[in-house]
Amino acid sequence: MTAKTWAFEDFVEGASLDLGSKDVSASEIVEFASEFDAQPMHLDEDAGKASILGGLSASGWHTCAMFMRMLCDAFLLDSTSQGSPGIDLVKWKKPVLAGDRLTGKVTVLSKRQSKSRPQLGLVSMRSELFNQRGECVFELENTGMFLARDAARGQS
C-alpha cells in the first residue's frame, strides 16, 4: 500500500470535507435506470413530469452511486479505508433532476479506536448532497473503518 493522505488520525470530529460537484445529465439518468431501476419517471421526461417528481428524475439508487463516486474522488481513494460495516440512514429528500448540479459534504460526527483491533479506527459521518439551489437532496449516515497511519505503513 502506498502512503495515503487520509488515515484514522486525520479525521477530526466536527470537521467537514468538501465532495466537489457533479452535473447530472438526462442520458446518465436513463442509462442507469434502464439497467437498474426501470421506473417510468427515471426513463422518460414526460412520465417524470406527470409524476410527483416534476421531471426526469434520477433513481435514489443512482443518487447513492453518484454520491459514492464523489466520495471516492474527494478522499476515499486516497485513504486507508477498510470499508464500512453498513449504512445507518439514507434519505432521498428531494428529486435529483436532469440538469441539476450536485455539491456535497461529509461531516465527521465522531470517531473511536476499535478495542478488538487497535490498528483500526471507526469514523461516523453524515454526508449530504445539495442541488444548485442549495436544497439538500440526499442524506446518508454511516461508519467508515480506517487504518491508523502506523498500521497502514506496516502493510507497505
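**Figure 1. Surroundings of Glu-28 in the predicted model.** Setting aside neighbours within four places in sequence, Glu-28 is in contact with Lys-22, Asp-23, His-62 and Met-66. The model shown here and in the other views is predicted. Glu-28 is part of helix H1, which covers residues 26-36. Its relative accessibility is 19%, and because buried means under 20%, Glu-28 counts as buried. With one of these partners, Lys-22, Glu-28 makes a polar contact from side chain to side chain, at 2.9 Å.

**Figure 2. The open sheet and its edges.** The sheet is built from 5 strands in the order S1-S3-S4-S5-S2, and the pairing is antiparallel. Strand S1 (16-23) and strand S2 (86-92) stand at the edges. Each of these two has a single partner strand, so one side of each lacks a neighbour in the sheet. From one strand to the next, the twist averages 20°. In a regular strand, side chains alternate between the two faces of the sheet.

**Figure 3. Pairing of S1 with S3.** At one edge of the sheet, where S1 stands, 6 bridges join S1 to S3. The two strands run antiparallel. Within this pairing, Leu-17 stands opposite Val-106 in S3. Both Leu-17 and Val-106 are also among the contacts of Phe-75, a residue shown again in Figure 6.

**Figure 4. The hairpin of S3 and S4.** Strands S3 and S4 form a hairpin, with 6 residues between them. They pair in the antiparallel sense over 10 bridges. One facing pair is Gly-104 and Leu-129, the latter in S4. The side chains of Glu-128 and Lys-105 also meet here, in a salt bridge with an N to O distance of 3.9 Å. Glu-128 lies in strand S4 and Lys-105 in strand S3, so this pair ties together parts that are 23 residues apart in sequence. Glu-128 counts as buried, at 16% relative accessibility, whereas Lys-105 counts as partly exposed, at 32%.

**Figure 5. Pairing of S2 with S5.** Strand S2 is joined to strand S5 (residues 136-147) by 6 bridges. The strands run antiparallel. Trp-92 stands opposite Phe-138 in S5. S2 is an edge strand with a single partner strand.

**Figure 6. Helix H4 and the nonpolar core.** Helix H4 (residues 60-74) lies across S1, S2, strand S3 (101-113), strand S4 (120-130) and S5, and runs at about 120° to S1. The largest nonpolar core has 27 residues, and those with the most contacts inside it are Phe-75 and Phe-146. Two or more residues of this core come from each of S1, H4, S3, S4 and S5. H4 gives the largest share, 6 residues. Which residues surround Phe-75, leaving aside its neighbours within four places in sequence? Phe-75 is in contact with Trp-6, Phe-11, Leu-17, Leu-19, Val-106, Met-125 and Phe-146. Apart from the largest core lies another core, of 6 residues, which includes Met-145, Leu-147, Ala-151 and Ala-152.

**Figure 7. A salt bridge between S1 and S3.** The count for the model comes to 10 salt bridges. One of them is formed by Asp-23 and Arg-101, whose closest N and O atoms are 2.6 Å apart. Asp-23 lies in strand S1 and Arg-101 in strand S3, so the pair ties together parts that are 78 residues apart in sequence. Are these two residues buried or partly exposed? Asp-23 is partly exposed, with a relative accessible area of 45%, and Arg-101 is partly exposed as well, at 41%. Asp-23 also appears in Figure 1, as one of the contacts of Glu-28.

**Figure 8. A salt-bridge network that includes Glu-139 and Arg-126.** Glu-139 forms a salt bridge with Arg-126, with the closest N and O atoms 3.6 Å apart. The pair links distant parts of the chain, since Glu-139 is in strand S5 and Arg-126 is in strand S4, 13 residues apart. Glu-139 counts as buried, at 11% relative accessibility. Arg-126, at 27%, counts as partly exposed. Salt bridges that share partners join Lys-93, Arg-126, Glu-139 and Glu-141 into one network.

How values were computed: Residues numbered from 1 in each chain as written. Predicted model: local features only at pLDDT ≥ 70, side-chain atom pairs only at ≥ 80, totals over all residues. Heavy atoms only, no water. Pairing = 2+ DSSP bridges. Helix = DSSP H or I, 4+ residues; strand = E, 2+ residues; numbered from the N terminus. Axes fitted to C-alpha atoms, helices over the stretch in contact; angles between N-to-C directions. Contact = heavy atoms within 4.5 Å. Core = buried A, V, L, I, M, F, W, Y, C linked by side-chain atoms within 4.5 Å. Buried < 20%, exposed > 50% of the residue type's maximum accessible area, 1.4 Å probe, protein only. Polar contact = N/O pair within 3.5 Å; in protein donor to acceptor, adjacent residues only side chain to side chain. Salt bridge = Lys/Arg side-chain N within 4 Å of Asp/Glu carboxyl O.
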